[in-house]
Amino acid sequence: MRDSAEYRVYSREQLLALRPMGRVGVVQTIPAELRRKYRGCRAGAKLKAKKTEKRWRYKPSVPSVVMGNVNSLTNKTDELACLVKNQRLYRECSLFCFTETWLTPDTPDANVELPGFSTVRADRDPTLSGKRKGGGLALFINTRWCNPGHVNVKEVICCRDIELLAVSLRPYYIPRELSRHSLQTQHPDAFYVISGDFNHVTLDSTLPAFFQFVDCPTRKNRTIDLLYANPQYKPLVLRQPTTTRSFRVWSPEAEEALKDCYDTTDWSVLLHPHGEDIEGVTHCVTDYLNFCMDVAVPTKTVRCFPNNKPWITSDVKDILNQKKRAFRDGNWTELKRVQGELKIQLKEAKESYRKKVERKLQDNNMKEVWGAMKTITGCKNNSGSSVDGGVDRANQFNNFYNRFDCPAAAAPSSDPSAAFTTLLSSPSPPPSPSPPPSPSPSPPSPSPPPSPSPSSPPSPSPPPSQSSPPSQSSPPSSAGGQSNTHGSHCPPAFTADQVRRQLRRLHPRKAAGPDKVCPRMLKACAAQLGEPLQHVFNLSLRLGRVPATWKTTCLIPVPKKAHPKELNDYRPVALTSHVMKTMERLLLNHLRPQVHHAEDPLQFAYREKVGVEDAILYLLHRTHSHLDKGVVL
């Protein structure tokens, strides 16, 4: 094709390529310059409005309803069908609601059907209503307004006093005013904007909490284009304060530096000066562990905004800050460049977060998967994460959680570790009075270990740890797994390998206790901390005392419900020392063999690898066994 000053010239091949018109199923390829261009009224807003009207004619935002008492619908069906076919008012109507249809179960649906409408009937039941004639309800739904598959009959009532037909409809487009209340109930803090051409209608009485912002004429001297919004809305950033969070940045380099620090430490210089002082040894070791961790592992403080998405990383935040600086400086070229870079970075961050969630799902880490899904979907937990208040509020929780402690019972025991001393052993062998220990050789001797601890506080003797030969003669010393026939008992002794094995089993993401010793540090440096912690554990068992630092617990009140009103609505979560937890697990391995024969075989609680599922399976097994034998339960 060649263009000249006055005309266009087409080649023979281009003209032959134009196939003859009128062939069905053939798409005609007409050159763009030969296509008809609409001008004037055929290409203006009027034509577009007509097309839009045809498109939305049968899908109105507000349904139109025709209702009436028909007094026998059968002989009026032809008239209704004629009205639907010829009159636009009936053809575009959304619902026909008729009463007194006088239909019976013998009347087929084909006799009362209307073209383009689905029928829902509720005929009168003579047995329930007590009436032989009259009654009946019918509902005709326009299929172009509501899909017939979205019509559900909720309830049909027929009695002497009332006939009711309750139908649930889900039209193609739900009116705003019908869904407004549910939206505001489900999302009370959301931002709502209602705008449009209202003509003579206002929403001042319907939505009293909304404010109308347009105050100038929009059509000649009338204000008919209105905009309603809820002025009390505040962004999430303003409704919730920004929180500051500090955490340690763990890296392979930091772990190696921490291991080198503990490897080069002469622990004898720290432990020997304190001798048998268990409190001094514990404080010295704890402070040194925290000091080395503060030096080797850096601490980072960040601000957490409540509207941050989980895929917002430090790289994305840096680009956001660049965008803010470019906007404040008025550098529009830099702003456009940063916006493009931010779009790419956000896409990569979302993709990385998606792969992270999928990886957790593949690793069967369901806890973190559900947490991520709740964060993505905006599902909030019923219980809060923190409790507001000051010192007075904290004292109220302390008094509430300590209400079961009896000061009178604790007064006779000056040493809080008396129960622990009685449970294990005394550093010196018990006196020689043999009459009291005479009942101890009986076979059920392992059962008394729990009894000395509750019975020791009410004893009037001031030093219970030194004046309890009967309790020491019984086998509570079997916690160490060693007992002599001559009556001497030795406390259990742990090896460095046992301590290292338990340290490697710690969960690295658990919260630290009051001593601020991080479990990740204990697990990473298990090989270096095995011997010093072994010395502390064995010293505590030999002296029969538990350091006060290990017995200190930090209680975190967690709400049980969405809106707690009293102290009992909070669940206490105790944070204890991980060093003490390690010692308890080591001691448990010595105690379990001594009490294993006294455990009930049907005890399913507080046992390792046994739970509710085992109890259910045992009950079902017993039930099915009796049924198979023909035994009647």
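Let's start with a single contact: the charged end of Arg403 sits over the ring of Phe400, 4.0 Å from the ring centre. Keep in mind as you look around that this is a predicted model.

Stepping back to the whole chain, you will find 24 helices and 15 strands. Of the 633 residues in the protein chain, 27% are buried. Among contacts with a separation of 6 or more, 67% are between residues 24 or more positions apart.

Now turn to one of the sheets. Four strands form an open sheet in the order E3-E4-E6-E5, and the pairing is mixed. At its edges are strand E3 (65–69) and strand E5 (117–122), each of which pairs on one side only. From one strand to the next, the twist averages 15°. If you follow E5 to its neighbour, strand E6 (residues 137–142), you will see that the two pair in the antiparallel sense over six bridges. To find your place along that pairing, look for Ser118, whose bridge partner in E6 is Ile141.

The aromatic rings are a good next stop. A pair of aromatic rings is described by the distance of the centres and the angle of the planes. The count of aromatic pairs comes to 15. One of them is formed by Phe96 and Phe117, which are stacked, with 4.9 Å from centre to centre and 15° between the planes. Phe96 belongs to strand E4 (residues 95–99) and Phe117 to strand E5, so this pair ties together parts that are 21 residues apart in sequence. Phe96 and Phe117 are both buried. For another geometry, try Tyr262 and Trp267: their ring centres are 6.2 Å apart and their planes are at 35°, so this pair is tilted. The cut-offs explain that label, because planes under 30 degrees apart count as stacked and those over 60 as edge-to-face, with the rest called tilted. Tyr262 is buried, as is Trp267. Going back to Phe96 and Phe117, you can see that they belong to one aromatic cluster together with Tyr90, Phe98 and Phe140.

Which residues touch the most other members of the largest nonpolar core? They are Tyr262, Met521, Leu529 and Phe537, in a core of 38 residues. Several helices give two or more residues to this core, including helix H8 (252–263), helix H9 (267–271), helix H20 (519–524), helix H21 (526–543) and helix H23 (578–595). Helix H10 gives the most, with eight residues. To explore the surroundings of one core member, pick Phe537: leaving out residues up to four places away in sequence, Phe537 touches Phe494, Val499, Trp550, Val579, Thr582, Met583 and Leu586. There is also a second, separate core of 13 residues, with Val70, Cys93, Phe98 and Leu103 among them. Phe98 may look familiar, as it is also part of the aromatic cluster described above.

A last stop is Val558, which lies in strand E14 (residues 554–559). Is Val558 buried, partly exposed or exposed? Its relative accessible area is 24%, so Val558 is partly exposed; buried would require a value under 20%. Val558 and Val573 are 15 residues apart in sequence, and their C-alpha atoms are 7.0 Å apart in space.

Technical notes. Residues numbered from 1 in each chain as written. Predicted model: local features only at pLDDT ≥ 70, side-chain atom pairs only at ≥ 80, totals over all residues. Heavy atoms only, no water. Pairing = 2+ DSSP bridges. Axes fitted to C-alpha atoms, helices over the stretch in contact; angles between N-to-C directions. Phe/Tyr/Trp six-rings, centres within 6.5 Å; stacked < 30°, edge-to-face > 60°. Buried < 20%, exposed > 50% of the residue type's maximum accessible area, 1.4 Å probe, protein only. Lys NZ or Arg CZ within 6 Å of the ring centre and 35° of its normal. Core = buried A, V, L, I, M, F, W, Y, C linked by side-chain atoms within 4.5 Å. Contact = heavy atoms within 4.5 Å.
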